[in-house]
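Thanks, everyone. Let's get straight to it. Have a look at the structure on the screen.

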Amino acid sequence: MLSFESDYTTGAHPAILQRLMETNLEAASGYGEDPYCESAKEKIRLACECPEADVWFLTGGTQTNATVISTMLRSYQGVVAADTGHVNTHEAGAIEYSGHKVLAVPQHAGKIDAEELEQFLENFYQDGNHEHMVFPGMVYISHPTEYGTLYTREELERLAAICRRYELPLYMDGARLGYGLMSLQSDLTLADVARLCDVFYIGGTKVGALCGEAVVFTKRNTPLHFLPQVKQRGALLAKGRLLGIQFDVLFTDGLYWEISRHAIRMAERLKKLFHEKGCTFYLESPTNQQFIILENEKMEKLKQQVAFSFWEKADETHTIVRFATSWSTTEENLAQLAKLL
């Protein structure tokens with residue numbers, strides 16, 4: 001079966017597996033208190049140009065979102081997110097399970113509009129009954145978004161300015177951050193993200209690692225006693241070295257960026273292939289996720305030989321599907337898909 005289903009369907013980059021083998025018999029303290037985690041943290045601080053950053057390694061994306069959001073919010077607060085945001089649609093109610101509400105606002109190609117966010121916040125505080133309502137306590141965005149779209153530096157600066165005005169932390173879900181930053185259309189850098197966001201995470205699971213995400217608190221704002229709260233939420237790995245080694249490798253000699261650039265190159269060729277075959281795009285993503293509209297009959301036929309993701313129904317006879325490239329996508333994969341199409 002040819003697979004473009006997602007960017008985490010294969011294992012890990014060979015350099016990571018090699019380093020895990022090399023260090024396998026070394027004894028190291030648990031829960032992130034090992035030299036590999038410390039080395040990886042320092043490399044991430046350097047890459048972010050944020051020497052004061054506090055870096056933590058958590059197990060996966062949903063655990064990371066639920067942990068960061070629930071530990072930063074007070075009991076009466078919720079998190080503002082686009083109505084298509086990952087925390088609002090594809091995390092099985094993990095935020096609500098933690099006792100907090102997702103306050104959904106309209107999306108525009110997956111993004112939150114700064115002016116609409118400001119209006120939402122103004123309306124909340126102008127409501128005479130707002131003391132009886134769920135308070136907005138932070139703003140969640142992802143980069144790339146659920147539709148593979150990107151925030152520009154100007155858009156992120158405007159969101160950050162509004163968040164500062166209302167004293168709300170701005171949190172970026174970076175599950176696919178490498179693919180976003182290496183996109184040909186991106187004008188953001190990792191240093192920009194660290195400067196403008198109060199907290200974000202660098203995704204490993206979807207960008208070459210077996211598992212793991214690196215959470216970065218950029219303003220000396222790590223929640224008090226964060227470690228036990230991570231553990232309470234099942235996001236702390238006893239063999240923390242597993243995560244530290246992986247991120248240490250990813251941030252050595254630019255491997256994280258090399259992996260990300262490769263996936264973008266493959267996505268650009270995939271996009272060209274879809275155009276050549278006359279496929280209809282739902283939208284043209286600048287990242288590693290491509291969304292096309294297929295007739296249901298043709299979709300069912302293609303599914304017999306190619307794995308891809310259902311996204312949403314377009315109408316009664318058409319479906320929006322997603323194809324994703326990754327660090328492991330090859331030219332041969334694209335050639336096979338061309339023949340099948």
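One caution before we start: this is a predicted model.

I'll begin in the middle, with two strands. Strand E6, residues 170-173, runs parallel to E7, and two bridges join them. Look for Tyr 171 in E6. Which residue of E7 does Tyr 171 stand opposite? It's Val 199.

Now the other neighbour. Strand E8 covers residues 213-217. E7 and E8 pair in the antiparallel sense, over five bridges. Two pairs to find here. Tyr 201 stands opposite Val 215 in E8. Gly 203 stands opposite Glu 213, also in E8.

Zoom out to the whole sheet. It is open, with seven strands and mixed pairing. The order is E2-E8-E7-E6-E5-E3-E4. Which strands sit at the edges? Strand E2, residues 54-58, and strand E4, residues 102-105; each pairs on one side only. Neighbouring strands are turned by 25° against each other on average, ignoring direction.

Back to E7. How many of its five residues are buried? Five of the five, counting buried as under 20% relative accessible area. So strand E7, residues 199-203, is largely enclosed by the rest of the structure. Check both faces. On one side, Val 199, Tyr 201 and Gly 203 are buried. On the other side, Phe 200 and Ile 202 are buried too.

What packs there? Helix H11, residues 241-250, lies across E2, E7 and E8. Helix H11 runs at about 120° to E2.

Next, the cores. The largest nonpolar core has 59 residues. Which of them touch the most other members? Ile 44, Phe 200 and Ile 202. Two of those names came up a moment ago: Phe 200 and Ile 202, on one face of E7. As for helices, H12, residues 255-276, gives the most to this core, with six residues.

Now click on Ile 44. Leave out anything up to four places away in sequence. Ile 44 then touches Val 55, Phe 57, Ile 202, Ala 214, Val 216, Phe 247 and Phe 251.

There is also a second, separate core, of 24 residues. Among its members are Ala 66, Phe 226, Val 230 and Ala 235.

To wrap up: E7 is buried on both faces, and E7 pairs with E8 over five bridges. That's my tour. Over to you.

Note on methods
Residues are numbered from 1 along each chain as its sequence is written. This is a predicted model: local features need pLDDT of at least 70, side-chain atom pairs count only at pLDDT 80 or more; totals for chains, interfaces and linings use all residues. Side-chain values use heavy atoms; hydrogens and water are left out. Buried means under 20% relative accessible area, exposed over 50%, partly exposed in between (1.4 Å probe, protein chains only). Helices (H or I, at least four residues) and strands (E, at least two) are DSSP runs, numbered from the N terminus. Two strands pair if DSSP finds at least two bridges between them. A nonpolar core is a set of buried Ala, Val, Leu, Ile, Met, Phe, Trp, Tyr and Cys residues joined through side-chain atoms within 4.5 Å. Contact means heavy atoms within 4.5 Å. Axes are lines fitted to C-alpha atoms, for helices over the stretch in contact, and angles run from 0 to 180 degrees between N-to-C directions.
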